[in-house]
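Hi everyone, and thanks for coming. Please have a look at the sequence and the model on the screen while I talk.

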Amino acid sequence: MENSKVFAMKLSKIYSLLVQKAERKGRTKQEVDEIIFWLTGYDENGLERQLGKDVDYQTFFEQAPCMNPNCGLITGSVCGVRVEKVEDPMMQKIRYLDKLVDELVKGKSMEKILRK
């Protein structure tokens, strides 16, 4: 899928899919939220506002209060692509979130996921 199609996807749809993915593996919506808060700097109210405005994925990341300075520590593959090698900065942010949720569903502790 080309980047522009991913960027235009609605946050509400992606968020719902991320939560469902986590819950199928026995993890929680709260854990997904904690990952989002850590990565983007949003808090619960900010995330709810963005979901309520039905923003697209690109807008969600563009308006993120503060990307975590430790996001550069996120490495590994998502769909066969190394997140640290993604050239488009917006796509890299999206892949960071994908990778963190993948780590969650694989059973990693939140401490490891959040690079503490």
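I'll walk through one helix, then its neighbours, and finish with three single residues.

First, some housekeeping. This is a predicted model, where local features need pLDDT of at least 70 and side-chain atom pairs count only at pLDDT 80 or more, while totals for chains, interfaces and linings use all residues. Residues are numbered from 1 along each chain as its sequence is written, and side-chain values use heavy atoms, with hydrogens and water left out.

Let's start with helix α3, residues 29–40. When I say helix or strand, I mean a DSSP run, numbered from the N terminus: H or I with at least four residues for helices, E with at least two for strands. How far apart are the end C-alpha atoms of α3? They are 16 Å apart, which agrees with the 16 Å that twelve residues should span at 1.5 Å a residue. That expected span is 1.5 Å times one less than the number of residues.

Which residues of α3 are buried? They are E31, V32, D33, I35, I36, W38, L39 and T40. Buried here means under 20% relative accessible area, exposed means over 50%, and partly exposed is in between, using a 1.4 Å probe and protein chains only. The cover over these buried residues includes α2 (11–24), α4 (44–53), α5 (57–62), α6 (89–105) and α7 (110–113). Just after α3 comes G41, with a positive phi near 85 degrees.

Now to α2, which packs against α3 at about 125 degrees, the axes being 8 Å apart. Axes are lines fitted to C-alpha atoms, for helices over the stretch in contact, and angles run from 0 to 180 degrees between N-to-C directions. The two helices, α2 and α3, are therefore oblique to each other. As for the cut-offs, under 35 degrees counts as roughly parallel, over 145 as roughly antiparallel, 65 to 115 as roughly perpendicular, and the rest as oblique. On the α2 side, Y15, L18, V19, A22 and E23 meet K29, V32, D33 and I36 of α3. By class, this contact has six nonpolar, no polar and three charged residues. Contact means heavy atoms within 4.5 Å. For the classes, Ala, Val, Leu, Ile, Met, Phe, Trp, Tyr, Cys and Pro count as nonpolar, Asp, Glu, Lys and Arg as charged, and the others, Gly among them, as polar.

What about α2 and α6? Their axes come within 9 Å and cross at roughly 20 degrees, so α2 and α6 are roughly parallel to each other. The contact joins L18, K21 and A22 of α2 with L97, V101, D102, L104 and V105 of α6. Its residues divide into six nonpolar, no polar and two charged.

Finally, three single residues; for each, contacts up to four places away in sequence are left aside. T59 sits in helix α5 and counts as buried at 19% relative accessibility. T59 touches Y42 and Q50.

C71 lies in the loop between α5 and β1 (77–78), and at 14% C71 is buried too. C71 touches W38, L39 and Y96, and two of its partners, W38 and L39, are on the buried list of α3.

Last comes Q92 in helix α6, buried with a relative accessible area of 17%. Q92 is in contact with V83, E84, K85 and V86. Thanks for listening!
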